[in-house]
Amino acid sequence: MIVSTRIVSALFSRRIPGPVYNAYSTATSYSDRVPTNDPSPPKPAQNVSETNATPVEEWKRDADMVESTKDAEKQRTMQAPNRAKVWSRSQAPRELAMSGPRFEQTMMEYQPQPLAAIDLIHKQPVRWTSSKIVSCDGGGGPLGHPKIFINVDKPQINWCTYCGLPFAHKHHRKFLESLPRTEYPLIPTSDPAEVNEEQRVQPNDPLGQR
């Protein structure tokens, strides 16, 4: 019995029904999303566990490991010790990143908490100059940046687009002092974050550190 080619091709081309998978879908059957009609939804758990308030003895440390739940929750939600919220649209909030079971019993005091440079740079006092054009290289040396030139002939504070150091012309000092508020301090305030002019790398030591 000879089977025609048309019949064989029809048998192999018939699709067997089965589950359809989407390669770009992230939803699974074990998704942890709570249905809207759940009569008893689970209560949201606190990110900082209350067990952190119980002293834990550790032989590697001089004192017991213990922290206040209230203080730890504040450290978890603040973006930086000197800034509460994000400063960039592409930045993830710390309170969303440090959440879930992974951080329930984590000592927030021992987590990395660098200060926000966007606030530290506004502690730098204005560099007054008598020239219409100034140059900035970030202090020179390996920690500096390419030298750029800044026009300061307008009655405003002009900052370096690399490091953010502020510059202004002496001719506009009275006008800037008459303003109710400026983005940078007009005179040194003895803030610990201030960078003194003496910290510049000397020309005869181009590889020196600040």
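Accessible areas were obtained by the Shrake-Rupley method with a 1.4 Å probe. On this basis, the accessible surface of the chain in this predicted model comes to about 16,700 Å², and 55% of that surface belongs to carbon and sulfur atoms. Of the 210 residues in the chain, 25% are buried. When contacts between residues at least 6 apart in sequence are considered, 51% of them join residues at least 24 apart.

The secondary structure consists of five helices and five strands. Along the sequence these elements follow the pattern α-α-α-α-β-β-β-β-β-α, in which four helices precede the run of five strands and one helix follows the strands.

Three of the strands form an open sheet with the order 1-5-4 and mixed pairing. Its edges are strand 1 (127-129) and strand 4 (158-159), each of which pairs on one side only. Strand 5 (residues 166-169) pairs with strand 1 in the parallel sense, over three bridges. Within this part of the sheet, Thr129 stands opposite His169 of strand 5.

Strand 2 and strand 3 pair with each other in the antiparallel sense, over four bridges. Cys136 has Ile148 in strand 3 as its bridge partner. The two faces of strand 2 differ in cover: Val134 and Cys136 lie on the covered face, whereas Ile133 and Ser135 lie on the uncovered one.

In soluble globular proteins, nonpolar side chains tend to be buried together. The largest nonpolar core of the model has nine residues, namely Ile121, Val134, Cys136, Ile148, Ile150, Val152, Cys160, Leu165 and Phe167. Strand 2 (133-136) and strand 3 (148-151) are the elements that give two or more residues to this core. Both residues on the covered face of strand 2, Val134 and Cys136, are members of the core, as is Ile148, the bridge partner of Cys136.

Ile121, also a member of the largest core, is in contact with Cys163, Gly164, Leu165 and Tyr184, when its neighbours within four places in sequence are left aside. Apart from the largest core lies another core, of seven residues, which includes Val126, Trp128, Tyr184 and Leu186. The contacts of Ile121 thus include Leu165 and Tyr184; Leu165 is listed in the largest core, while Tyr184 is listed in the core of seven residues.

Methods: Residues numbered from 1 in each chain as written. Predicted model: local features only at pLDDT ≥ 70, side-chain atom pairs only at ≥ 80, totals over all residues. Heavy atoms only, no water. Core = buried A, V, L, I, M, F, W, Y, C linked by side-chain atoms within 4.5 Å. Buried < 20%, exposed > 50% of the residue type's maximum accessible area, 1.4 Å probe, protein only. Contact = heavy atoms within 4.5 Å. Pairing = 2+ DSSP bridges.
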